[in-house]
Amino acid sequence: NVLLDDVSDRKRNGDLLDELLKVTGGSTGDFTRFSPADRQYAELTSRLWNEFWERVRGYPHYAAYKDLLQYDLTQLFNTVRYSHLVNDNLFLLNLIEHDNYSPQGMGLMSFSTVDLMCSDRFPRHELAALREAVWHAQWMARIGNLITTWQREIGDGDYSSGVFARAAGHRDLTI
């Protein structure tokens with residue numbers, strides 16, 4: 001997530017982001033049109049994601065949770081896409097969308113699904129309750145992230161944070 005988020009927020013390279021997002025799902029991206037530095041970055045990202053998929057496919061309950069993991073990762077990377085869209089057009093920034101998309105960027109749902117792939121004792125009838133608890137934990141992590149990163153994000157030119165969305169929504173800050 002960090003590797004893709006940096007391409008979105010710091011490099012502001014939507015084309016590279018699109019190709020890297022293909023890699024996260026197990027496909028191959030076409031990086032031939034990018035600079036040598038971007039190709040090297042893409043190679044590292046591809047190696048890491050290939051290793052990730054190689055490992056999770058070997059987990060005992062991969063088959064039971066693979067669709068859920070793919071869904072969770074889609075939500076995670078939807079947050080990266082949303083952040084990129086906002087930073088390309090700050091007039092999109094609003095609290096409702098931020099609060100709906102942003103918490104997924106913490107990745108706790110994905111991590112919990114990977115944990116389930118390794119758990120022999122989890123009672124599947126508790127899955128909904130677990131995901132609700134993880135959702136709240138994910139939100140708490142997001143709040144901590146917002147509080148600790150917003151000042152640094154000014155220097156990065158990343159205004160997709162909820163701090164900015166709330167300030168703009170309350171008219172304490174204009175776009």
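**Figure 1. Salt bridge between R152 and D156 in helix 7 of the predicted model.** R152 and D156 are about one helical turn from each other, because four residues separate their positions in helix 7. Their side chains meet in a salt bridge, with a distance of 3.0 Å from N to O. Side chains of opposite charge can pair in this way when their charged atoms come close. R152 is partly exposed, at 41% relative accessibility. D156 is likewise classed as partly exposed, with a relative accessibility of 25%. This pair belongs to a set of six salt bridges found in a search of the whole structure.

**Figure 2. Salt bridge between K22 and E19 in helix 2.** Both residues belong to helix 2, which covers residues 14-24. They are three residues apart, about one turn of the helix. The closest N and O atoms of the pair are 3.0 Å apart. Are the two partners buried or exposed? K22 is partly exposed, with a relative accessible area of 39%. E19, in contrast, has a relative accessibility of 7% and counts as buried.

**Figure 3. Salt bridge between R131 and D72.** The closest N and O atoms of R131 and D72 are 2.8 Å apart. This pair links distant parts of the chain, since R131 lies in helix 7 and D72 in helix 4, with their positions 59 residues apart. R131 is buried, with a relative accessible area of 18%. D72 is also buried, at 1% relative accessibility. Both values fall under 20%, the limit below which a residue is called buried.

**Figure 4. Helix 6 and its surroundings.** Why is helix 6 described as largely enclosed by the rest of the structure? Seven of the ten residues in this helix (residues 108-117) are buried, so the remainder of the structure encloses most of it. The buried residues are M109, S110, S112, T113, V114, L116 and M117. Among the elements that cover them are helix 3 (36-57), helix 4 (62-88) and helix 7 (127-156).

**Figure 5. The largest nonpolar core.** This core has 26 residues, and L4, L20 and F77 have the most contacts inside it. Which elements give two or more residues to the core? They are helix 1 (2-11), helix 2, helix 3, helix 4 and helix 6. The greatest contribution comes from helix 4, which gives eight residues. A view centred on L20 shows contacts with L4, V7, F31, Y41, A42 and T45, when residues up to four places away in sequence are not counted. Another core, of five residues, lies apart from this one and includes V86, L93, F164 and A165.

**Figure 6. S161 in the loop between helix 7 and helix 8.** S161 lies in the loop that comes before helix 8, which covers residues 162-169. Despite its position in a loop, S161 counts as buried, at 1% relative accessibility. A polar atom of the S161 side chain lies 3.1 Å from the backbone nitrogen of V163. What does S161 touch beyond the residues up to four places away in sequence? Its contacts are L93, H98, R142, L146, W150 and E153. One of these, L93, is also among the residues of the five-residue core.

Notes
Residues numbered from 1 in each chain as written. Predicted model: local features only at pLDDT ≥ 70, side-chain atom pairs only at ≥ 80, totals over all residues. Heavy atoms only, no water. Buried < 20%, exposed > 50% of the residue type's maximum accessible area, 1.4 Å probe, protein only. Contact = heavy atoms within 4.5 Å. Salt bridge = Lys/Arg side-chain N within 4 Å of Asp/Glu carboxyl O. Core = buried A, V, L, I, M, F, W, Y, C linked by side-chain atoms within 4.5 Å. Polar contact = N/O pair within 3.5 Å; in protein donor to acceptor, adjacent residues only side chain to side chain.
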